[in-house]
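Welcome, and take your time with the picture. Turn the model slowly, and then let us walk through it together.

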Amino acid sequence: MLDLLGTLTRTHTCGELRAADAGKSVVLLGWVNRRRDHGNLIFLDLRDRYGITQIVLDKEVGEAAHAKAEHSRPEYVVAAVGKVRLRDKDVINPKMPTGEVEIVASELRILNDAKVPPFSPSEEAIGNEEVRLKYRYIDLRRPEMQRNFEVRHKVALAVREYLSGEGFFEIETPFMTRSTPEGARDYLVPSRVHPGEFYALPQSPQLFKQILMISGMDRYFQIARCFRDEDLRADRQPEFTQIDLEMTFPQQETIFGVVEGFMAAAFKAVGIDLPVPFPKISYDEAMRNYGIDKPDLRLPGLADVKAAFTAENLAALVIDPNLPVVALRIPKVGELSRKERDDNKPLFDQRKGAKYIDDLKRLEKGFPEAAAKVRELAGAEADDLLIIVAGDAATHIQASDTKTPGRLSEREIAVYSAAGNFRVELARKYAERHGAFAVTDGVVTDEGRNTGIVDGSKAFRPIWVTDFPMFEHDPETGKWMPAHHPFTSPHEEDMDRLVSDPASVRARYYDLAMNGLELGSGSIRIHQQQVQQEIFRALGMSDEEAKARFGFFLEALQYGTPPHGGIALGLDRLVMILAGANSLREVIAFPKTAKAIDLMVDAPTPVSEQQLRELHIKPTKG
């Protein structure tokens with residue numbers, strides 16, 4: 001027979017009581033975490049979000065309460081009424097904040113029972129993630145998960161308070177809007193009252209926040225829910241949350257200052273000092289130095305070692321002399337065996353037409369001076385893994401040969417990219433060998449971070465990447481495509497080359513990366529209608545198509561649109577980094593699997609024929 005709560009009110013949480021509370025009469029409510037039966041004495045560890053307190057059921061003190069404890073089991077919900085007393089010195093638990101005290105219960109009420117759960121919330125590691133997601137309400141009882149959501153709450157609150165203090169209005173934009181694909185597929189919502197027509201769930205509030213700037217709101221932000229129907233990874237979910245903001249009359253540095261301010265506030269909220277301002281690097285510099293546009297600054301960058309080789313050396317090694325020759329270095333990995341080198345081959349993307357040399361001893365035998373110079377230029381120590389990456393003279397890189405003065409060509413980017421991706425893959429593989437990093441679900445992360453709110457001694461290395469190319473060349477169609485969304489403004493001094501030399505046009509676009517993850521992207525927007533139309537035309541979009549897709553926005557641009565810009569940062573990714581979690585699923589309360597399935601509620605599911613008829617939809621078998 002279960003008990004009722006009646007008029008009982010919780011006086012303290014299960015993580016609150018200390019030695020100074022000895023002698024107090026208390027009421028604690030929570031879940032039974034553990035039960036230990038010693039005959040006349042039964043001990044219950046009572047758990048809630050705040051911690052664990054030991055409850056003592058002494059048969060001589062309260063026979064009825066002791067009898068209730070005999071029937072209680074893990075995950076039962078109970079109320080304990082009693083007095084706080086100090087534990088004997090030899091049974092103090094220094095690992096628990098409440099370890100100096102215990103509650104001698106005079107009354108115990110069993111408010112609800114529980115089936116034996118598929119796993120215990122007290123387990124530190126649960127191997128089967130699908131079971132965790134199916135029984136998410138049990139998984140969320142785990143202290144690690146509750147710490148993750150404490151981090152999330154503190155971060156979101158700090159961001160809101162900071163932006164409000166800077167004069168930003170929090171404004172909600174619609175969930176149901178028109179389909180304007182931004183690179184990923186839209187989730188579509190059929191309209192019952194407009195047969196055959198659909199709303200789309202927003203991939204971002206992009207156009208609405210720009211319209212808010214046209215509306216004179218000046219500074220907008222939103223903790224925005226967004227939706228993208230795309231293939232999933234550890235750092236992707238079909239529905240996600242971003243910190244979205246926009247402002248009028250900004251310089252790029254103005255936006256950087258605001259973002260750095262709320263990032264510092266968010267980190268401070270969980271006890272970490274994040275130095276500002278963040279370093280800045282151009283896209284071309286990022287590719288030269290790291291081979292990737294979201295560089296992980298905790299790993300050594302790429303070293304230009306072309307000067308180590310003579311023209312004869314390059315020819316003998318079948319290296320293209322017109323392309324970069326770089327070295328990547330992974331510290332303290334040591335010498336690799338032949339088998340280890342063979343195992344690394346699949347990690348290198350040879351489709352890019354690049355090649356690599358990973359046997360430095362063999363290089364030293366044939367080209368001793370070049371090998372010594374490579375080590376010198378790369379700053380390599382004896383136990384570092386050192387690999388040379390270059391263009392393969394025997395395999396022409398399938399990319400544009402167009403070379404704009406001062407900009408990297410696509411063939412150069414191909415070599416740098418091959419080196420940069422190999423660098424990251426090898427770092428993931430060998431991270432734990434030298435203890436500098438650990439690997440969590442494909443992301444190189446600081447060792448030992450998976451402990452809740454991390455301490456400030458861990459390395460968080462943010463960096464701004466700027467001046468991305470405005471367009472990218474599609475080798476299949478031969479056309480230039482937008483490298484970003486088509487509302488990004490080109491650099492003013494590059495506008496006269498939009499048609500004549502699109503490869504040279506730089507976008508006023510910027511990314512914020514941290515520890516190898518892209519946290520957010522933003523840009524200065526196009527605010528003049530004629531420029532926006534010119535961009536659409538440069539992308540091969542006719543005036544009729546542009547009007548059909550974006551007519552409402554083009555019209556709005558005619559009514560006094562101020563210069564404006566903004567950014568969106570992934571709240572989920574930010575919390576994932578701060579919580580030391582290994583995927584977004586650890587910091588989203590009810591996430592989807594890699595196949596976009598909610599195992600707990602069993603979604604998506606078919607709907608009734610009546611619902612389909614009302615929506616004028618007839619499904620087809622694919």
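What follows is a tour from the overall outline to the cores, a few helices and some charged pairs.

Please keep in mind that this is a predicted model. The protein has 622 residues, and 50% of them count as buried. Along its principal axes, the C-alpha atoms fill a box of roughly 90 × 70 × 55 Å. If you trace the chain through that box, you will meet 16 helices and 23 strands. How do distant stretches of the chain come together? Among the contacts with a separation of 6 or more, 67% are between residues 24 or more positions apart. On the outside, the protein exposes about 30300 Å², and carbon and sulfur atoms supply 50% of that area.

Now let us look inside. In soluble globular proteins, nonpolar side chains tend to be buried together. The largest nonpolar core here has 46 residues, and the members that touch the most others are Leu328, Leu385, Ile387, Val389 and Leu426. Which elements supply at least two residues each? They are helix 7 (283–290), helix 12 (410–434) and helix 13 (529–538), together with strand 13 (325–330), strand 14 (354–357), strand 15 (385–391), strand 18 (462–466) and strand 21 (509–514). Helix 12 gives the largest share of this core, with 10 residues.

To see the core from one spot, put yourself at isoleucine 387. Beyond its neighbours within four places in sequence, isoleucine 387 is in contact with Val326, Ala327 and Leu328, with Tyr356, Ile357 and Asp358, and with Phe422 and Leu426. Apart from this core lies another one, of 43 residues, including Val155, Phe278, Leu578 and Ala581.

Two helices are good places to pause. Helix 5 (residues 206–214) is largely enclosed by the rest of the structure, because seven of its nine residues are buried. Those buried residues are Gln206, Leu207, Lys209, Gln210, Leu212, Met213 and Ile214. What do they pack against? Their partners are strand 9 (219–227), strand 10 (239–248), helix 14 (543–556) and strand 23 (564–570). Just after helix 5 comes glycine 216, with a positive phi of about 85°.

Helix 15 is also mostly covered, with nine of its nine residues buried. Its buried residues include the nonpolar Leu571, Leu574, Val575 and Met576, and also Asp572 and Arg573. Leu578 is on the list of buried residues of helix 15 as well, and Leu578 is a member of the 43-residue core. Just after helix 15, glycine 580 takes a positive phi of about 70°.

Another stop is alanine 269, which lies in helix 6 (residues 252–269). Is alanine 269 buried or partly exposed? It counts as partly exposed, at 29% relative accessibility. Its C-alpha atom is 6.4 Å from that of valine 155, although the two are 114 residues apart along the chain. Leaving out residues up to four places away in sequence, alanine 269 touches Lys154 and Ala158.

Finally, let us turn to charge. The protein carries 81 positive and 94 negative side chains, and the centres of the two sets lie 3 Å apart. A search of the whole structure turns up 43 salt bridges.

One of them joins arginine 585 and glutamate 129, whose closest N and O atoms are 2.8 Å apart. Arginine 585 lies in the loop between helix 15 (571–579) and helix 16 (609–614), while glutamate 129 is in helix 2 (residues 129–134), so the pair ties together parts that are 456 residues apart in sequence. Arginine 585 is buried, with a relative accessible area of 10%, whereas glutamate 129 is partly exposed at 28%.

Other bridges link residues close together in the numbering. Arginine 109 meets glutamate 107 at 2.7 Å, N to O, and glutamate 107 is partly exposed, with a relative accessible area of 28%. Arginine 497 pairs with aspartate 496, their closest N and O atoms being 4.0 Å apart. In that pair, arginine 497 is partly exposed at 26% relative accessible area, while aspartate 496 is exposed at 63%.

Salt bridges can also be followed from residue to residue in this model: Arg132, Arg136, Asp139, Arg142, Glu144 and Glu586 are linked in a network.

Note on methods. Residues are numbered from 1 along each chain as its sequence is written. This is a predicted model: local features need pLDDT of at least 70, side-chain atom pairs count only at pLDDT 80 or more; totals for chains, interfaces and linings use all residues. Side-chain values use heavy atoms; hydrogens and water are left out. A nonpolar core is a set of buried Ala, Val, Leu, Ile, Met, Phe, Trp, Tyr and Cys residues joined through side-chain atoms within 4.5 Å. Buried means under 20% relative accessible area, exposed over 50%, partly exposed in between (1.4 Å probe, protein chains only). Helices (H or I, at least four residues) and strands (E, at least two) are DSSP runs, numbered from the N terminus. Contact means heavy atoms within 4.5 Å. Accessible areas come from the Shrake-Rupley method with a 1.4 Å probe; for residues, only the protein chains shown count as cover. Lys and Arg count as positive and Asp and Glu as negative; His and the chain ends are not counted. The place of a charge is taken as NZ of Lys, CZ of Arg, CG of Asp or CD of Glu. A salt bridge is a side-chain nitrogen of Lys or Arg within 4 Å of a carboxyl oxygen of Asp or Glu.
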